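Q: I am new to this structure and would like a close look at a single part of it. Could you take me through that part slowly and then show how the rest surrounds it?

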Amino acid sequence: MTGTVTTTHATEIVLPGKVEPSGLKVHHRELPAPVAGQVLLRMDATGVSFAEQQMRRGKYYDQPAFPFVPGYDVVGTVTATGPGVDTALTGRRFAAVTKTGAWASHLLLEAADLLPVPDDVDAVAAETVVVNGITAWQMLHRMAKVRSGGTIVVLGANGGVGSTLVQLARHAGITVIGTASARHHDAVRELGAVPVDYRDPDLYGRIAELAPGGVDAVFDHVGGTGLVRSWRLLRKGGTLVSYGSAATKDEEGSSQLPVLKVFGQLLLWNYLPNGKSAHFYNFWAGRRRAESFRRKLREDLTQVLRLVSEGVLTPQIAARIPLSDVASALSLAESHTVAGKVILVPDA
């Protein structure tokens, strides 16, 4: 197929500026043929993550200047290869982490960034656990290194990352206390965690009752003032993993300041002589060492997709919505009424 494709008609979703979900634009353009080292990927599934919710407010840590095409990750089928790329990739399905650009019917990617997806894993199921699965796996196994028999707290246990984290931890023999609104408690129980209502004024007291000796790790995507409470839940030797600042998502001002404040706080705690440790998880850390970064992504996603294939990990799919109806998808994801991840699929 190489050399036979000149251009491809692509539908892209453009974020023009700080807008409500209804302000997203559907844009059509011709994509050129892939150049050396590139492939053309037809999108089979992409997702709505917390990153895009922050990007539309101009609040994501290092987002590009408006206008741009959002879309953090994608699962798709290679339809053409550029010079120097193995033509056998054509017709095969892969995942990729893009940070931006995946809300499109077709996209050009570096072949080196493709992550294999087993044939027996559905594209939507795979998409649900690309960034969420890698994030959860790396925080649990590479950063906190919680052992079997330990106890952890997962804030937002019904969310995309949270629900994946709960399942990975339970599979590893770890007890999980998960926060969620009351309406999601049954779903959190089904995943294997003990649910606690995050709206409970004595939330941290309730968690302390369930784990009076402290916990081995807390996974906190909320940030803000609650981070101190998360730190206090740890036993000696425990680890706090912060991976977001949802508490400040609606605040005006710098997108970088809340993250820098968290960095400062965690750094300070690491100097305290109590055996506890605090880390900020950044998906893109180490990207400058491209080969090592890609290898870890490949290894970790392979582990996660193997567990999906074996039925150990059930991707939490909140909804499947056509790409051109992205405004509904983003509104639904921001409504906090669904468990799991909202997935965008190609238009019929």
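Which residue in strand 15 is the bridge partner of Val48?

A: In strand 15, the bridge partner of Val48 is Val342. Before we follow that pairing, a word on what you are looking at. This is a predicted model, in which local features need pLDDT of at least 70 and side-chain atom pairs count only at pLDDT 80 or more, while totals for chains, interfaces and linings use all residues. Residues are numbered from 1 along each chain as its sequence is written, and side-chain values use heavy atoms, with hydrogens and water left out.

Let us start with strand 3, which covers residues 38-48. Helices (H or I, at least four residues) and strands (E, at least two) are DSSP runs, numbered from the N terminus. Strand 3 is mostly covered, with 10 of its 11 residues buried. Here buried means under 20% relative accessible area, exposed means over 50%, and partly exposed lies in between, using a 1.4 Å probe and protein chains only.

Strand 3 has several partners; two strands count as paired if DSSP finds at least two bridges between them. With strand 15 (residues 341-345), strand 3 shares three bridges, and the two run antiparallel. With strand 4, strand 3 pairs in the antiparallel sense over seven bridges. You can find two of these pairs by eye: Val39 has Thr81 as its bridge partner in strand 4, and Leu41 has Val78. Strand 6 (106-110) is another antiparallel partner of strand 3, joined over five bridges. There, Leu40 stands opposite Leu108. As a general point, side chains in a regular strand alternate between the two faces of the sheet.

Now step across to strand 4, residues 73-81, where nine of nine residues are buried. Besides strand 3, strand 4 is joined by five bridges to strand 5 (residues 93-97), and these two also run antiparallel. Val75 stands opposite Ala95 of strand 5.

The loops around these strands hold some details worth finding. In the loop between helix 1 (50-55) and strand 4 sits Pro67, and a cis peptide bond with omega of about -10° joins Phe66 to Pro67. Further along, Lys99 lies in the loop between strand 5 and strand 6. Lys99 has phi near 70°, a positive value in a residue other than glycine, and counts as buried at 14% relative accessibility. On the other side of our tour, His336 belongs to the loop between helix 10 (326-334) and strand 15. Its phi is also positive, near 60°, yet His336 counts as partly exposed, at 48% relative accessibility.

Strand 15 also offers a way to a helix. Asn132, in helix 3 (residues 131-144), is buried with a relative accessible area of 7%. Leaving aside residues up to four places away in sequence, Asn132 touches Gly160, Val161, Thr164 and Lys341; touching, or contact, means heavy atoms within 4.5 Å. Another helix to look for is helix 6 (residues 203-210), whose buried residues are Leu203, Tyr204, Gly205 and Ile207. Those residues pack against strand 8 (151-154), strand 9 (175-180), strand 10 (194-197) and helix 7 (226-232).

Finally, zoom out to the whole chain, which has 10 helices and 15 strands. Its radius of gyration is 20 Å, close to the 20 Å given by the globule rule for 348 residues, so the chain is as compact as a globular protein of that length. That radius is taken over C-alpha atoms, and the rule is 2.2 Å times the number of residues to the power 0.38. Along its principal axes the C-alpha trace spans about 65 × 40 × 40 Å. Of the 348 residues, 53% count as buried. Among contacts with a separation of 6 or more, 67% are between residues 24 or more positions apart.
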